[in-house]
Amino acid sequence: PIVGTLIALMMTVVTRFPQSFNYPVRVTRENQARLQELALGMIAWLRLEVLCLFAWIEWATIETARQTRLGLPTGLLPASIFVVFGTIGAYIVGMARAR
């Protein structure tokens, strides 16, 4: 829970400075507001996904300690990679279109 909380807090602090983000496209006056909106949306979704991932890991760890389960679920790593990189990919495509 401590690591998840620290990551969520860091992501919250990062959202305070959208002008310092590294965007995948050139930022102009015309697209700046839309790119910042997309970047903040992406961070919000990633924060939710990371917190859900840590909750899933914590739940699986507790179930393992109770001996009702043997280790982490096998789908944990592929599901988390798919969800996180899928979100990042979708927002990069959105930013490219906002260019």
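How many helices and how many strands does the secondary structure of this chain come to? Hello everyone, and let's start right there. The answer is 3 helices and 0 strands. If you walk along the sequence, the pattern you meet is α-α-α. One thing to keep in mind while you look at the picture: this is a predicted model.

Let me begin with the overall form. The chain has 99 residues, and a compact globule of that length would have a radius of gyration near 13 Å, but here the value is 17 Å. Along the principal axes, the C-alpha atoms fill a box of roughly 55 × 25 × 15 Å.

Now for the surface. The accessible surface of the chain comes to about 7100 Å². Carbon and sulfur atoms account for 67% of that surface. As for the interior, 27% of the 99 residues count as buried. On the charge side, there are 9 positive and 5 negative side chains. The centres of those two sets lie 7 Å apart.

How do parts of the chain that are far apart in sequence come together? Take the contacts between residues at least 6 apart in sequence: 61% of them join residues at least 24 apart.

With that background, let's visit some residues, going from the start of the chain. Proline 1 sits in the segment before helix H1, which covers 2-14. Is proline 1 buried or exposed? It counts as exposed, because its relative accessibility is 69% and the exposed class begins over 50%. Proline 1 and threonine 87 are 86 residues apart in sequence, and their C-alpha atoms are 23 Å apart in space.

Step into helix H1 and you find threonine 5. Threonine 5 is partly exposed, with a relative accessible area of 44%. Its C-alpha atom is 9.5 Å from that of phenylalanine 54, and the two residues are 49 apart in sequence.

Next, a pair of rings. The model has 1 aromatic pair. The partners are phenylalanine 21 and tyrosine 23, with ring centres 6.0 Å apart and planes at 50°, so the pair is tilted. Both phenylalanine 21 and tyrosine 23 are buried.

Please remember tyrosine 23, as that name returns in helix H2. I'd like to show you three residues there: arginine 34, leucine 35 and glutamine 36, each placed in helix H2.

Arginine 34 counts as partly exposed, at 40% relative accessibility. Follow the chain 64 residues along to alanine 98, and the C-alpha atoms of arginine 34 and alanine 98 turn out to be separated by 6.8 Å.

Leucine 35 is buried, at 0% relative accessibility. Which residues is leucine 35 in contact with, leaving aside its neighbours within four places in sequence? The list is Tyr23, Val25, Arg26, Val27, Met95 and Ala98. Tyr23 is the residue we met in the aromatic pair. Between leucine 35 and alanine 90, 55 residues apart along the chain, the C-alpha separation is 13 Å.

Then comes glutamine 36. Is glutamine 36 buried or exposed? Its relative accessible area is 19%, and buried means under 20%, so glutamine 36 counts as buried. Not counting residues up to four places away in sequence, glutamine 36 touches Pro18, Gln19 and Tyr23. Tyr23 therefore appears in the contacts of leucine 35 and in those of glutamine 36.

My last stop is a loop. Where is glutamine 67? You'll find glutamine 67 between helix H2, which covers 32-65, and helix H3, which covers 76-98. Most residues other than glycine have a negative phi. Glutamine 67 is not a glycine, yet its phi is positive, at about 65°. Glutamine 67 is also exposed, with a relative accessible area of 70%.

To recap before you go back to the picture: we have a predicted model with the pattern α-α-α along the sequence. We saw a tilted pair of rings, phenylalanine 21 and tyrosine 23. We saw leucine 35 buried and, in the loop between helix H2 and helix H3, an exposed glutamine 67. Thanks for listening!

Methods:
Residues numbered from 1 in each chain as written. Predicted model: local features only at pLDDT ≥ 70, side-chain atom pairs only at ≥ 80, totals over all residues. Heavy atoms only, no water. Phe/Tyr/Trp six-rings, centres within 6.5 Å; stacked < 30°, edge-to-face > 60°. Buried < 20%, exposed > 50% of the residue type's maximum accessible area, 1.4 Å probe, protein only. Helix = DSSP H or I, 4+ residues; strand = E, 2+ residues; numbered from the N terminus. Rg over C-alpha atoms; globule rule 2.2 N^0.38 Å. Contact = heavy atoms within 4.5 Å. Areas by Shrake-Rupley, 256 points an atom, 1.4 Å probe, with all protein chains shown as cover. Lys, Arg positive; Asp, Glu negative; His and termini not counted. Charge placed at Lys NZ, Arg CZ, Asp CG, Glu CD.
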